[in-house]
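Good morning. Please have a look at the chain on the screen, and I will go through how its parts are put together.

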Amino acid sequence: MKRYRYKVEFLPIEGEEGARQIDKAEIEATLNRYAKEGWRVWKIDMCGNLGLVCVFEREESE
C-alpha cells in the first residue's frame, strides 16, 4: 500500500483592494522549490480574494 505525505502552502494575492494580482514569479519559485524536493502539485484552489492554497503530495519511501 502506498503512503503519501502532504504539505499545504498559502500564496497571498498582492496589491490593494481594486488592483489585486497574483505574483506569478513567487508561484513559479514555490512550485520549483517543491519539485526539487520531490513534491508534486496535488491541488490548487483560490481562497476567496486572499490568495491561492497549494496542496503538494509526495510518496513516502519505505
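Strand β1, residues 4–12, pairs with β3 in the antiparallel sense, over 9 bridges. Two of the partner pairs are worth finding on the screen. Val8 has Val55 as its bridge partner in β3, and Pro12 has Gly51 in β3. I should say here that this is a predicted model.

Now the other pairing of β3. Strand β2, residues 40–47, also pairs with β3 in the antiparallel sense, and here there are 7 bridges. Ile44 has Cys54 in β3 as its bridge partner. Asp45 stands opposite Val53, again in β3. As a general reminder, strands of a sheet pair through backbone hydrogen bonds, and the pairing can be parallel or antiparallel.

Between β2 and β3 the chain makes a hairpin, with 3 residues between the two strands. Gly48 sits in that turn and has a positive phi of about 55 degrees.

In what order do the strands of the open sheet lie? The order is β1-β3-β2, with antiparallel pairing, and 3 strands take part. That leaves β1 and β2 as the edge strands, each pairing on one side only. On average, neighbouring strands of the sheet are turned by 20 degrees against each other, ignoring direction.

Compare that with the order along the chain. Starting from the N terminus, the elements run β-α-β-β. The whole secondary structure comes to 1 helix and 3 strands. The helix, α1, lies across β1, β2 and β3, and it runs at about 165 degrees to β1.

Next, the inside. Which residues make up the largest nonpolar core? There are 7 of them: Leu11, Ile27, Tyr34, Trp39, Leu52, Cys54 and Phe56. Both α1, residues 24–36, and β3, residues 51–59, supply at least two residues of this core. The largest share, 3 residues, comes from β3. In soluble globular proteins, nonpolar side chains tend to be buried together.

Take Phe56 from that core. Setting aside neighbours within four places in sequence, Phe56 is in contact with a list of residues that includes Tyr6, Glu9, Thr30, Leu31, Tyr34, Trp39 and Val41.

Two names on that list deserve a closer look, and one of them is Thr30. Thr30 lies in helix α1. Is Thr30 buried or exposed? Thr30 counts as buried because its relative accessible area is 4%, and the cut-off for buried is under 20%. Not counting residues up to four places away in sequence, Thr30 touches Glu9, Leu11 and Phe56.

The other name is Glu9, which has its place in strand β1. What joins the side chains of Glu9 and Tyr34? A polar contact of 2.7 Å does. Leaving out residues up to four places away in sequence, Glu9 touches Thr30, Arg33, Tyr34, Leu52, Val53, Cys54 and Phe56.

For a contrast, go to Gln21, in the loop between β1 and α1. Gln21 counts as exposed because its relative accessible area is 56%, and the cut-off for exposed is over 50%. Beyond its neighbours within four places in sequence, Gln21 is in contact with Ile13 and Glu14. How far apart are Gln21 and Asn49, in sequence and in space? They are 28 residues apart in sequence, and 9.6 Å apart in space from C-alpha to C-alpha.

I will end with some totals. The protein has 62 residues, and 21% of them count as buried. The exposed area is about 5000 Å², of which carbon and sulfur atoms supply 49%. Finally, take the contacts between residues at least 6 apart in sequence: 59% of these join residues at least 24 apart.

That is everything I have for today. Thank you.

Terms used:
Residues are numbered from 1 along each chain as its sequence is written. This is a predicted model: local features need pLDDT of at least 70, side-chain atom pairs count only at pLDDT 80 or more; totals for chains, interfaces and linings use all residues. Side-chain values use heavy atoms; hydrogens and water are left out. A nonpolar core is a set of buried Ala, Val, Leu, Ile, Met, Phe, Trp, Tyr and Cys residues joined through side-chain atoms within 4.5 Å. Buried means under 20% relative accessible area, exposed over 50%, partly exposed in between (1.4 Å probe, protein chains only). Helices (H or I, at least four residues) and strands (E, at least two) are DSSP runs, numbered from the N terminus. Contact means heavy atoms within 4.5 Å. Two strands pair if DSSP finds at least two bridges between them. A polar contact is a pair of N or O atoms within 3.5 Å; within protein, one must be able to donate a hydrogen and the other to accept it, and residues adjacent in sequence count only if both atoms are side-chain atoms. Axes are lines fitted to C-alpha atoms, for helices over the stretch in contact, and angles run from 0 to 180 degrees between N-to-C directions. Accessible areas come from the Shrake-Rupley method with a 1.4 Å probe; for residues, only the protein chains shown count as cover.
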